[in-house]
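These are my notes from going through the model. I took the domains first, then the chain contact, then the core.

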Amino acid sequence: MVRGGVVASAITLVVLGGLFLFFKKTTLGRAVRSVIEDEQGARLVGIDPQRMLRLILVLTGVMAALVAVTRSLIVPVSVTAGFELTVWALIVTVVGGLASVSGAVLAGIILGIVSTVAASTIGTFLSLVILLVAAAVTILIKPSGLLGVRE
Amino acid sequence: MTERQIEATGTSAIGGVEPRASRSLPVLLIPVLGVAAVLALVPLWLGDSGVMMRVSVLGLTFACYAVGFNLIFGSTGQLFLCVGALAGIGGYGSAILADKMGLPLVASIVLATVAAGLIGGLLSWIAARRSLGVIFTGIITLIFSLVFANLLLGLTELTGGDGGFHIQTGADSFLRERIPPYYLILALLVVFLLVHGLLRRSRVGWAFRALRDDEAAAELAGVNVARYRIYAALTGAAMLGLAGSLYAFTQGRVSPTTYGFAQVDVETLVMLAFGGIGTLLGPVVGAVVFTTIDELIVGLGQLRIVVYGALIIALFLWLPRGIIPTLGSLIRRVRRQDRP
């Protein structure tokens, strides 16, 4: 289990690093970000938004599959795990700030630590409730998310 | 309209938008009573089988959920992903009030219904206050659903946890017989349809259509968008609570899966999308069709979900507006061709 956790963390860190480099340094990554920021503007400088959206979806699929693999190193795989992961992904994304990779990472780490610590101290169900309420409050106070850009 | 604008107005792009609602009463009454008459005949056909009657009661309950959800989402564009939770507040609330607090049956149902309505109104008020869009309203209400589900699992002394509990109140009344519950829920459905229909042909209905088609324009024309949204959420959530509550008493049992997100919200949304978001009878058509399909393929076991998924994909590809608006425009086209 412990070894699985280390391997999973290592894989995650490498992939996240790669993702950051892709978004910050490569032309393709910048093109993707430009579509997210301003679709019309991106089109004006010759970027095809549809192509970028397809690319994003492919990336999403790859990342999701990777999460499933790394997670299977730590916990048993089950048929119904998909829904829970989807919900978590949604909440983490929104808390971290839409379209912000670093926000998602930060929110994921915070929510992950809080949920694990709370589950072992005050019980699974109530800790989940507290966590969900905290997420809802974050969204309500700062709809742009922790690291999101204010519009 | 550019893509952005369609996205911003939300439901008008997804759902079938009826251009106007007729003011004449027969135009409202005839379809509603017609549907009610057809559904009233079902026990003559399936009444001998206890299982089939339970399935039918569940189907009608889903029709009620879909009408309530339609009022919130279809009419005012608020994506409430807490249909099951609001129904559960009605179901668990009234069951706990009646069984554990010793309140009379009717009083507990009324209280739980009011509670569900107020919570729906509160969610809508929060969404209006923070001017949340469709997606954010969806996420906040989804979080509310999850909180509710976890409370059901966590507060075991009150809710019975994972397995739920059996309701003692009303155990010997007509609520647990084979056929009367069906007519009870059918009557509820007819009342819901009439309420929704009457709302649509009133000033409120005009406000709903205005704010759904273009929020900013409605606001400029003097429609208090936030207030009408909250009204719709109050009414719709109370409908969900009442339906959930009556369903609980006809089953004699409540459990987390009775009101689970996957079991209630997803199905209600699919039924409504199939029937036609924003239409009066769409929810009923969707509920009847999907309950029938579900019963026809019951032999497939877990593989049912696959069939379900395939149907939903096909639905969104070929019938994105739902069956009622599609049929409506077909009929209009045929009529236009008839005329020289």
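I looked up the domain split of chain A in this predicted model. Chain A divides into domain 1 (1-77) and domain 2 (78-151). I took the centres of the two domains over C-alpha atoms and found 19 Å between domain 1 of chain A and domain 2 of chain A. For the contact, I counted 8 residues of domain 1 of chain A against 6 residues of domain 2 of chain A. On the domain 1 side, helix 1 (residues 2-25) of chain A gives the most, with 4 residues. By class, that side of domain 1 of chain A has 8 nonpolar, no polar and no charged residues.

Confidence came next. Chain A has a mean pLDDT of 83, and 97% of its residues reach 70 or more. Among the elements of chain A, I noted helix 4 (residues 49-74) as the highest in mean pLDDT, at 89, and helix 7 as the lowest, at 80.

I then checked helix 5 (residues 81-96) of chain A for regular geometry. Its 16 residues at 1.5 Å each should span 22 Å, and the end C-alpha atoms are 22 Å apart, so the two values agree. In helix 5 of chain A, I found I91(A), V92(A), V94(A), V95(A) and G96(A) buried. What do the buried residues of helix 5 of chain A pack against? I found helix 6 (101-122) and helix 7 (124-141) of chain A, together with helix 8 of chain B. Just after helix 5 of chain A, G97(A) takes a positive phi of about 110°.

That led me to the contact between the chains. I listed 16 residues from chain A and 13 residues from chain B. On the chain B side, the largest share comes from helix 8 (residues 134-154) of chain B, with 10 residues. I sorted the side of chain B that touches chain A by class and got 10 nonpolar, 2 polar and 1 charged residues.

Next, the largest nonpolar core. The core holds 109 residues, and those touching the most other members are C64(B), Y65(B), L86(B), I143(B) and A243(B). Helix 13 (residues 225-251) of chain B supplies the largest share of this core, 15 residues. I followed L86(B) and, leaving aside neighbours within four places in sequence, found it in contact with A116(B), I119(B), G120(B), A237(B), L240(B) and G241(B).

Is helix 13 of chain B enclosed or open to the outside? I counted 23 of its 27 residues as buried, so helix 13 of chain B is largely enclosed by the rest of the structure. I ran the span check here too: the 27 residues of helix 13 of chain B should cover 39 Å at 1.5 Å a residue, and the end C-alpha atoms are 39 Å apart, which agrees. G252(B), just after helix 13 of chain B, takes a positive phi of about 75°.

The last residue I looked up was P283(B), found in helix 15 (residues 282-296) of chain B. P283(B) has 33 other C-beta atoms within 10 Å; the cut-off for buried is 20 or more, so I put P283(B) down as buried. Its C-alpha atom and that of F62(B) are separated by 8.5 Å, though P283(B) and F62(B) are 221 residues apart along the chain. Leaving aside neighbours within four places in sequence, I listed the contacts of P283(B) as A63(B), A66(B), V67(B), N70(B), M271(B), L272(B) and G275(B).

Conventions
Residues are numbered from 1 along each chain as its sequence is written. Chains are lettered from A and ligands numbered from 1 in the order in which they are written. This is a predicted model: local features need pLDDT of at least 70, side-chain atom pairs count only at pLDDT 80 or more; totals for chains, interfaces and linings use all residues. Two residues are in contact if their C-beta atoms, placed from the backbone, lie within 7 Å. Helices (H or I, at least four residues) and strands (E, at least two) are DSSP runs, numbered from the N terminus. Ala, Val, Leu, Ile, Met, Phe, Trp, Tyr, Cys and Pro count as nonpolar, Asp, Glu, Lys and Arg as charged, and the others, Gly among them, as polar. The expected span of a helix is 1.5 Å times one less than its number of residues. A residue is buried if 20 or more other C-beta atoms lie within 10 Å of its own, exposed if 12 or fewer, and partly exposed in between; C-beta atoms are placed from the backbone. pLDDT is the predictor's confidence in each residue, from 0 to 100. Domain bounds come from an automatic or database domain assignment. A nonpolar core is a set of buried Ala, Val, Leu, Ile, Met, Phe, Trp, Tyr and Cys residues joined through C-beta atoms within 7 Å.
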